[in-house]
Amino acid sequence: MDLLNVENLSKIYGKGDTSVYALKEVSFSVPKGEFVAVVGESGSGKSTLLNMIGALDTPTSGKVYIDGKDIFSMKERNLTIFRRRNIGFIFQSFNLIPELTVEQNIIFPVLLDYQKPNRAYLEELLTVLNLKERRHHLPSQLSGGQQQRVAIGRALITRPALILADEPTGNLDARNTSEVISLLKEASRLYEQTIVMITHSRSISQSADRILRVSDGELTDFGRCRE
């Protein structure tokens, strides 16, 4: 069953002779639990695509369905709630709250939704992410790799249907890059997370189940990396 369906998605900036296509009628689908890498040069449109899928920006035309729901047909308040509960974001710059500990940063999306965190699941995540010994540390007391693991935990804590990762290893060294990619693959396997990851690295993209390429706003599906 497809978790994500993108249909004829276009984004145009400007009008008339000055208009620029950031995306040109992009269509693809992602089955539940698949780990997809989106590659492309800077300015190719891949970040625009991720922002549209995550409802951080609106398309000029086209549809995005997550778990069968047309996200851009929702009213703004309903879309905000849907995004908070169904989409987890992992950014290159970590975006942790400096004043909060590791544990507090991870559970923050749950508290933002006026819910109580599942303590057993939190403990499981802290174990999987190798952060149990760091749970009371502040982001400033962590390495870059540890901070990104916290960001992954924060994305997973609400058990979202979809994880969107924008260059999640861009600020990391080779060892930490390998660890983060392994964790994303483990999340896809353990929790049946559907993951769409942007990367400019061909070697990192080979870790995914499938590779999509965006060039000049157009998408090419390179197919599965492995069976």
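This text walks through the sheets, the helices packed on one of them, a buried serine, and the empty spaces of the structure. The model is predicted.

Start with the sheet of 6 strands. This sheet is open, and its strands follow the order β6-β7-β8-β3-β9-β10. The pairing is mixed. At the edges stand β6, residues 87-91, and β10, residues 218-224. Each of these two pairs on one side only. From one strand to the next, the twist averages 20 degrees.

Two pairs of neighbours show how the pairing is mixed. Take β7 and β8. Strand β7 covers residues 162-166, and strand β8 covers residues 194-198. The two run parallel and are joined by 5 bridges. Within this pair, Leu-164 has Val-196 of β8 as its bridge partner.

Helices pack on this sheet. Helix α1, residues 46-53, touches β3, β6, β7, β8, β9 and β10. Its direction makes about 150 degrees with that of β7. Helix α6, residues 174-191, also packs on the sheet. The strands touched by α6 are β3, β6 and β8. The direction of α6 makes about 155 degrees with that of β8.

Now move to β9 and β10. These strands run antiparallel, with 6 bridges between them. One bridge partner pair is Ile-211 with Gly-223, the latter in β10. The two strands form a hairpin, and 2 residues separate them. Asp-216 sits in the turn and has a positive phi of about 50 degrees.

Return to β8 and follow the chain onward. The loop between β8 and α7 holds Ser-201. Helix α7 spans 202-205. Is Ser-201 buried or exposed? Ser-201 counts as buried because its relative accessibility is 16%, and the cut-off for buried is under 20%. The side chain of Ser-201 reaches the backbone nitrogen of Ile-204 at 3.2 Å.

The second sheet to visit is open and has 4 strands. Their order is β2-β1-β4-β5, and the pairing is antiparallel. The edge strands are β2, residues 20-31, and β5, residues 69-70. Each pairs on one side only. Strand β1, residues 2-13, is joined to β2 by 8 bridges. These two strands run antiparallel. Here Lys-11 stands opposite Leu-23 of β2.

Next come the empty spaces. Rolling a probe the size of a water molecule over the atoms reveals where such space remains. How many cavities of 30 Å³ or more does a search of the whole structure find? The search finds 1. The largest cavity holds about 30 Å³ of space. Its lining includes Val-128, Leu-129, Ile-152 and Leu-156. Leu-183, Glu-186, Ala-187, Leu-190 and Tyr-191 also line the cavity. Helices α5, residues 144-156, and α6 each supply at least two residues of this lining. Helix α6 gives the most, with 5 residues. So α6 has two roles to trace in the model: the helix packs on the sheet, and α6 also lines the largest cavity.

The largest pocket is a separate stop. Its volume is about 360 Å³. The pocket is lined by 17 residues. Closest to its centre are Ile-87, Phe-89, Pro-109, Leu-112 and Arg-154. Which elements give two or more residues to this lining? They are α2 (76-86), β6, α3 (102-112) and α5. Two of these have appeared before: β6 is an edge strand of the sheet, and α5 helps line the largest cavity.

Notes. Residues numbered from 1 in each chain as written. Predicted model: local features only at pLDDT ≥ 70, side-chain atom pairs only at ≥ 80, totals over all residues. Heavy atoms only, no water. Pairing = 2+ DSSP bridges. Axes fitted to C-alpha atoms, helices over the stretch in contact; angles between N-to-C directions. Contact = heavy atoms within 4.5 Å. Buried < 20%, exposed > 50% of the residue type's maximum accessible area, 1.4 Å probe, protein only. Polar contact = N/O pair within 3.5 Å; in protein donor to acceptor, adjacent residues only side chain to side chain. 1 Å grid on protein atoms, 1.4 Å probe; cavity = no way out; pocket = protein on both sides within 12 Å on 5 of 7 lines; lining within 4 Å. Points joined across faces, edges and corners; volume = space filled by probe spheres on them.
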